[in-house]
Amino acid sequence: ALGEFDKAIPHLEKFIAAADENEQQTGYAHFYLAESYKSVDRYDDAQKHYQLFLDKFSGLSPRVTAMATAALDDIPAMKRLSIGMEPIPFSVKDTAGKPLSIEKYEGKVVLLDFWASWCVPCRRSFPWMNAMTGKYGDQGLVFIGVNVDQERSEAESFLAEFPPDFTILYDDENKSLAREFNVQAMPTSYVFDRDGNRVARHLGFKVKKQDEYETLLVETLNK
């Protein structure tokens, strides 16, 4: 959850401030601080610490170095997805294999939900999204579920058990859309206002937060 990253940041900052800059643990702390900053949309801070890791500690671990390099490359696109900024245009295919673009939903409030058949919280989020569709659909609320399963048959089995009252799309085999949106958990959802601006991101789905999720949607609909 985003709150966990928020809690980690001051501890990592304090550790780095007191640590020897030449210690291995300091290098890993820079990397994990960058990851935490990225997860709460503090992209300039994330960029700084990824670069510090690569400049001084790239020899620590080939795997972590590769992750830091990839994350640094992704940050410009992620900045364009920051809250209050225009989202990157995208298009994916619907269940009939036809291209579908978010531009189709201009003037609507859109919740874009990335999900997978193996995702346990998705079994709870689908009924909730159906309920919200029924409650606010006529006010301009639209849900779009983007599946990221490798095997489409697994997604179809899930949908047979939890039939959606909203649009389902399928990401490509490279999961390009999920990568573009920096999907880090299942489900991950983004809320866009009627002008296409991103106003929120949710990692995971918690039943105890349903009222909070609904309040955000209502406030966005009423803007």
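Me: Is strand β6 (residues 188–192) enclosed by the rest of the structure or open?

Reply: Start with the terms: buried is under 20% relative accessible area, exposed over 50%, and partly exposed in between, with a 1.4 Å probe and protein chains only. Helices (H or I, at least four residues) and strands (E, at least two) are DSSP runs, numbered from the N terminus. In β6, 5 of the 5 residues are buried, so the strand is largely enclosed by the rest of the structure. This is a predicted model in which local features need pLDDT of at least 70 and side-chain atom pairs count only at pLDDT 80 or more, while totals for chains, interfaces and linings use all residues. Residues are numbered from 1 along each chain as its sequence is written, and side-chain values use heavy atoms, with hydrogens and water left out.

Me: Which residues of β6 lie on which side?

Reply: In a regular strand the side chains alternate between the two faces of the sheet. Here Thr188, Tyr190 and Phe192 are on one side, with Ser189 and Val191 on the other. Both faces are covered, and these residues are all buried.

Me: Which strand does β3 (residues 109–115) join, and through how many bridges?

Reply: Two strands pair if DSSP finds at least two bridges between them. Strand β3 is joined to β6 by 5 bridges, and the two run antiparallel. Within that pairing, Tyr190 of β6 has Leu112 opposite. Strand β7 (residues 198–203) also pairs with β6 in the antiparallel sense, over 5 bridges. There, His202 of β7 is the bridge partner of Ser189. The hairpin of β6 and β7 has 5 residues between the strands, and Gly196 takes a positive phi near 85° in it.

Me: Where do the buried residues of helix α3 sit around its axis?

Reply: An α-helix has 3.6 residues a turn, so residues three or four places apart point the same way. In α3 (residues 43–57), the buried residues are Tyr43, Ala46, His49, Tyr50, Phe53, Leu54 and Phe57. They cover an arc of only 140° around the axis, taken from the directions of the C-beta atoms, which puts them on the same side of α3. Asp44, Lys48 and Asp55 are exposed on the other side.

Me: What should the length of a helix be checked against?

Reply: The expected span is 1.5 Å times one less than the number of residues. For α3, with 15 residues, the distance from first C-alpha to last is 20 Å, close to the 21 Å expected. Helix α2 (residues 24–39) has 16 residues, which should span 22 Å; its end C-alpha atoms are 23 Å apart, which agrees.

Me: How many residues of α2 are buried?

Reply: The number is 12 of the 16, so α2 is largely enclosed by the rest of the structure. Among them are His30, Ala34, Tyr37 and Lys38. Just after α2, Asp41 takes a positive phi of about 70°.

Me: Which residues does Ala46 of α3 touch?

Reply: A contact means heavy atoms within 4.5 Å. Ala46 is buried, at 0% relative accessibility. Leaving aside its neighbours within four places in sequence, Ala46 is in contact with Ala34, Tyr37, Lys38 and Ile75. The C-alpha atoms of Ala46 and His30, which are 16 residues apart along the chain, are separated by 9.1 Å.

Me: How many disulfides are there?

Reply: The criterion is a pair of cysteine sulfur atoms within 2.5 Å. The count comes to 1 disulfide, formed by Cys119 and Cys122 with their sulfur atoms 2.3 Å apart. The torsion about the S-S bond is about 90°, so this disulfide is right-handed. Cys119 is buried at 1% relative accessibility, and Cys122 is buried at 0%.

Me: What does the side chain of Ser125 reach?

Reply: A polar contact is a pair of N or O atoms within 3.5 Å; within protein, one must be able to donate a hydrogen and the other to accept it, and residues adjacent in sequence count only if both atoms are side-chain atoms. A polar atom of the Ser125 side chain lies 3.2 Å from the backbone oxygen of Cys122. Ser125 is in helix α5 (residues 122–136) and is buried, with a relative accessible area of 2%. Beyond its neighbours within four places in sequence, Ser125 is in contact with Pro187 and Phe205. In helix α4 (residues 62–80), the side chain of Thr65 reaches the backbone oxygen of Ser61 at 2.9 Å.
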